[in-house]
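Me: Please look at the structure below with me, and let us go through it in questions and answers.

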Amino acid sequence: MTEQMVTEYVRNAWYAAAWAEELTDQPLPRTLLGENVVLFRGASGVIGALEDICPHRMAPLSLGVVEGDNLRCGYHGLLFDCAGKCQEIPGQVNIPPKAHARHFPLVERWQLAWIWMGEPDRADPELIPNWFWLDHPDWDDSHGTIKYDCNYALIVDNLIDLSHTTFTHKGTIGTEDVAKTPILSERRNGAVYVERVMTQTEPSPFYKKAGGFTGKVDRWQKITYAPPGDMVIDAGAVPAGSNDPNQGIDTRIIGYLTPETDTTVFHFWAFARDFALGDDTVTSMIADQIEITFNEDKALLDGQQRNIDATPGRKLLDNNADAGVVLCRKLLDERLAADQADPA
Ligand code: FES
Ligand SMILES: [Fe+2]
């Protein structure tokens, strides 16, 4: 039986911290994995992530100002670079080594800033999830962030088990056949893979709008979850029986789930498509539909968390459609155990 919440974090992993466009010369305070961080962009374009605590008197560095490529504390003016090294102490020539702000490796890739909150020496950028769709000329995307007031495992459960779309998202992506169609779920290359294929099925309201389908379709959902927070859904449809990808639509609903606290989580989402490239009307139509859809989830997820808070310790019931959920929780547990066994 599945536990209600997962209250530990894999530290040695890249997490999406912000959209790159959010990083400016205005320091951005953000709580990630329970720690207060300040994110900023210097004048040359470099980005930095420091603990939001000045080593001098513990003022929040996010109340400071960006100067050039550095961040100056708003209290007594110590100046730190992106690596947390103190560059200046007003009125003092010597800079003691202790005048160092804790820093986190931060890399800009796929339109996002990725943070590493574990052992800095292990922060290999090659380990950043491959979200190439966001930079590829054959794909266009809508993207955004939604915050849920729930434990991060609940949104993993939500995205891996799309049977809920039949009931939660009737007006957008859900159709009756989704919950009725059995799934394949298995471990694949260090991830959990769940597949659902529906043939001769009604297109959802969203698919009718986006793909212009008038008749029945063959439709698929292929979901890959790589712990701790990388979730990619390959979803698309073609006219029923056509087997021709050029006649249909192919999309990726990509998400990174970054815990803020035990009971709040950021969902950095992107919806990449291989049709209507460069069409801003389609980009914003999709963003609107996604926002409606994810807010439908939010109502349920936030409500689940309120019930969990009121009823701690109760175990959850697992059904057939939860096969993928159970595999994900198991894989996440294993990843947590490995991270804790070898933290350095
Ligand atoms: S608290 Fe930051 S400079 Fe004093
Ligand atoms: Fe949903």
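Me: In this predicted model, does Arg 252 count as buried or exposed, going by its relative accessibility?
Reply: The model is predicted, and the relative accessibility computed for Arg 252 is 12%. Because buried means under 20% relative accessible area, Arg 252 counts as buried.

Me: Which residue forms a salt bridge with Arg 252, and how many residues apart in sequence are the parts that the pair ties together?
Reply: The salt bridge of Arg 252 is with Asp 234, and the closest N and O atoms of the two are 3.4 Å apart. Asp 234, at 16% relative accessibility, counts as buried. Since Asp 234 lies in strand β15 (residues 230-239) and Arg 252 in strand β16, the pair ties together parts whose separation in sequence is 18 residues.

Me: Which residues are joined into one network by salt bridges that share partners?
Reply: A search of the whole structure finds 18 salt bridges, and in one of them the side chains of Glu 35 and Arg 11 meet at 2.5 Å, N to O. That pair links distant parts of the chain, with Glu 35 in strand β3 (residues 35-41) and Arg 11 in the segment before β1 (14-19), 24 residues apart. Glu 35 counts as buried at 18% relative accessibility, whereas Arg 11 is partly exposed at 24%. Through shared partners, the network joins Arg 11, Glu 35 and Arg 102.

Me: Which strands hold Glu 260 and Lys 147, and how many residues apart in sequence are the parts that this pair ties together?
Reply: Glu 260 and Lys 147 form a salt bridge whose closest N and O atoms are 3.1 Å apart. Glu 260 lies in strand β16 (residues 249-261) and Lys 147 in strand β11 (residues 140-148), so the parts tied together by the pair are separated in sequence by 113 residues.

Me: Of Glu 260 and Lys 147, which is buried and which is partly exposed?
Reply: The relative accessible area of Glu 260 is 12%, so Glu 260 is buried. For Lys 147 the relative accessibility is 35%, and Lys 147 therefore counts as partly exposed.

Me: What is the geometry of the site of the iron ion (ligand 2), judged by the angles among its donor atoms?
Reply: The iron ion (ligand 2) is coordinated at 2.1 to 2.3 Å by His 164 (NE2), His 169 (NE2) and Asp 297, whose OD atoms are listed twice. The angles among the 4 donor atoms run from 58 to 147 degrees. Because four donors count as tetrahedral if all angles lie between 85 and 135 degrees, that description does not apply, and the site is irregular.

Me: Why does the pair of His 164 and Asp 297 tie together distant parts of the sequence, and how many residues apart are they?
Reply: The donor residues of the iron ion (ligand 2) are spaced H-x4-H-x127-D in sequence. His 164 lies in the loop between α1 (152-160) and α2 (165-168), and Asp 297 in helix α5 (residues 280-310), so the parts are apart in sequence by 133 residues.

Me: Within what arc do the buried residues of α6 fall, seen down its axis?
Reply: Helix α6 (residues 323-341) has 19 residues and spans 27 Å from its first C-alpha to its last, close to the 27 Å expected. Its buried residues include Val 325, Cys 328, Leu 332 and Leu 336. They line one face of the helix, because seen down the axis they fall within an arc of 165 degrees.

Definitions and conventions
Residues numbered from 1 in each chain as written. Chains lettered and ligands numbered in written order. Predicted model: local features only at pLDDT ≥ 70, side-chain atom pairs only at ≥ 80, totals over all residues. Heavy atoms only, no water. Donors = N, O, S within 2.8 Å, 3.2 Å for Na, K, Ca; no water. Tetrahedral: all angles 85-135°; square planar, octahedral: opposite > 155°, others 65-115°. Helix = DSSP H or I, 4+ residues; strand = E, 2+ residues; numbered from the N terminus. Expected span 1.5 Å × (residues − 1). Buried < 20%, exposed > 50% of the residue type's maximum accessible area, 1.4 Å probe, protein only. Arc of directions from axis to C-beta. Salt bridge = Lys/Arg side-chain N within 4 Å of Asp/Glu carboxyl O.
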